Amino acid sequence: SPQLTSLPCNSITSLSLINCNLNDNSFPRDFSLKHSLEYLNLSMNPIRFLPDSFRVLKAVKRLRLYNCNQLQILEDLPETAELWALGCPLLEKITLKPGLLIKGFVFPYKCEKLLEVESVFKVVPIG
């Protein structure tokens, strides 16, 4: 499959990669737009997690992940104003970088395995 190894412009504020068949190994390794990217849509891609290169993004305010059927965990997310994770049936946990918050979270419809969204809710057994 083709690989998207880098993104050339450092002033992009909005990026939609919907249904690009991105998997864990074909995700951009170099986010040269780490200080400018505010909106990122990764919907309908077979990623299991966000790669390490995602963690350098500092400005992302809106992250959309619709129908990512393989997505299992979202770790160390930057502070976001909007997180949309819908139709991700394998997603179990969402965590943030220490001390950060999700300011707007859309209820995770069709994310049946989701047990924890850090600072929002955590499902624990009572017995």
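Me: Let's start with a word: a residue is buried when its relative accessible area is under 20%. What share of the 127 residues of the protein counts as buried?

Reply: In this predicted model, 40% of the 127 residues fall into that class.

Me: And what are the elements of the protein, from the N terminus on?

Reply: Strands, one after another: β-β-β-β-β-β-β-β. The tally is 8 strands and 0 helices.

Me: Why is R55 called partly exposed?

Reply: Partly exposed covers what is neither under 20% nor over 50%. R55 has 28% relative accessibility, so partly exposed is the right label. You'll find R55 in the loop between β2 (39–41) and β3 (62–66).

Me: What makes E75, D76 and K97 contacts of R55?

Reply: A contact needs heavy atoms within 4.5 Å. Leaving out residues up to four places away in sequence, R55 touches E75, D76 and K97. With D76, the C-alpha atoms are 6.9 Å apart, while the two residues are 21 apart in sequence.

Me: How many aromatic pairs are there?

Reply: The count is 1 aromatic pair. The rings are those of Y66 and W84.

Me: How do you know that Y66 and W84 pair, and why edge-to-face?

Reply: Two checks. Ring centres must lie within 6.5 Å, and these are 6.1 Å apart. Planes over 60 degrees apart count as edge-to-face; here the angle is 75°, so the pair earns that name.

Me: Which parts does the pair tie together?

Reply: Y66 lies in strand β3 and W84 in strand β5 (residues 82–86), so the pair links parts that are 18 residues apart in sequence.

Me: Are Y66 and W84 buried or partly exposed?

Reply: Buried needs a value under 20%. Y66 has 23%, so Y66 is partly exposed. W84 has 21%, so W84 is partly exposed too.

Me: What sits over the ring of W84?

Reply: The charged end of R64, 4.3 Å from the ring centre. The distance limit for that is 6 Å, and there is also an angle condition of 35 degrees from the ring normal.

Me: Now E116: where is E116 found, and in which strand?

Reply: In strand β7 (residues 116–117). E116 is buried yet has no salt bridge.

Me: Which side chain of opposite charge is nearest to E116?

Reply: K93, 4.0 Å away. K93 is also among the contacts of E116, along with E92, I94, F121 and K122, once neighbours within four places in sequence are left aside.

How values were computed: Residues numbered from 1 in each chain as written. Predicted model: local features only at pLDDT ≥ 70, side-chain atom pairs only at ≥ 80, totals over all residues. Heavy atoms only, no water. Helix = DSSP H or I, 4+ residues; strand = E, 2+ residues; numbered from the N terminus. Buried < 20%, exposed > 50% of the residue type's maximum accessible area, 1.4 Å probe, protein only. Phe/Tyr/Trp six-rings, centres within 6.5 Å; stacked < 30°, edge-to-face > 60°. Lys, Arg positive; Asp, Glu negative; His and termini not counted.
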